[in-house]
Amino acid sequence: MDTSNNKCIDLHGRDTLFVITGSNNIGQAGATLGVVFFKRKNKDLKQLSGSAAISAVLAGITEPAIYGITLKYKKLFYIGMFFSGVARAIVVAAGTGAPTLLGTSLLTSPGYIGQGFVGFLIACAIAYFG
């Protein structure tokens, strides 16, 4: 089965398509941890936001962050979307790519070393701290 990512790797020698979605993982982690974890007094919400942020940063699993935290607070979700978009533009401008299909997390970031890696790090920082 030939997917668009495989075609992208065949054409460019690296994945340049899936890499633009990675800033969302980091952005949702930052939004969840930074705003909800530190600003809310609800202990259950703090516990959920802490574990959701950790799973987003370390494993790239953002569903707990999105569905458990940020969609409840619409403004938070929109801010995360905005900064993810800014980060995606930086990743595209830097020409970031990976030699294979990689999810974006702290643990997989060494897989992006190469062309555009500095832009990738800058984009992730903007998405996280935004």
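Select A127 to begin: this residue is buried, with a relative accessible area of 3% (buried means under 20% relative accessible area, exposed over 50%, partly exposed in between, with a 1.4 Å probe and protein chains only). The model is predicted, so local features need pLDDT of at least 70 and side-chain atom pairs count only at pLDDT 80 or more, while totals for chains, interfaces and linings use all residues. Residues are numbered from 1 along each chain as its sequence is written, and side-chain values use heavy atoms, with hydrogens and water left out.

A127 is found in helix α6; helices here are DSSP runs of H or I with at least four residues, numbered from the N terminus. Show what surrounds A127. Leaving aside residues up to four places away in sequence, A127 touches S23, I26, G27, F83 and A87, where contact means heavy atoms within 4.5 Å. Add S84 to the selection: A127 and S84 are 43 residues apart in sequence, yet 5.3 Å apart in space, C-alpha to C-alpha.

Next, select residues 74–94 (α5) and residues 117–129 (α6), which pack at an angle of about 175 degrees with their axes 8 Å apart. Axes are lines fitted to C-alpha atoms, for helices over the stretch in contact, and angles run from 0 to 180 degrees between N-to-C directions. The two helices α5 and α6 are therefore roughly antiparallel (angles over 145 degrees count as such, under 35 as roughly parallel, 65 to 115 as roughly perpendicular and the rest as oblique). On the α5 side, pick F83, V86, A87, I90, V91 and A94; on the α6 side, G119, F120, A123, I126 and A127. By class, this contact of α5 with α6 has 10 nonpolar residues, one polar and no charged. Ala, Val, Leu, Ile, Met, Phe, Trp, Tyr, Cys and Pro count as nonpolar, Asp, Glu, Lys and Arg as charged, and the others, Gly among them, as polar.

Now move to α3, residues 43–59, and α4, residues 63–70, whose axes are 8 Å apart at an angle of about 155 degrees. This pair, α3 and α4, is therefore also roughly antiparallel. Colour L45, L48, S49, A52 and S55 in α3, which meet P64, A65, G68 and I69 in α4. The contact of α3 with α4 holds six nonpolar, three polar and no charged residues.

Stay on α3 and mark its buried residues, L45, S49, G50, A52, A53, S55, A56 and V57. Finish at G60, just after α3, where phi is positive at about 75 degrees.
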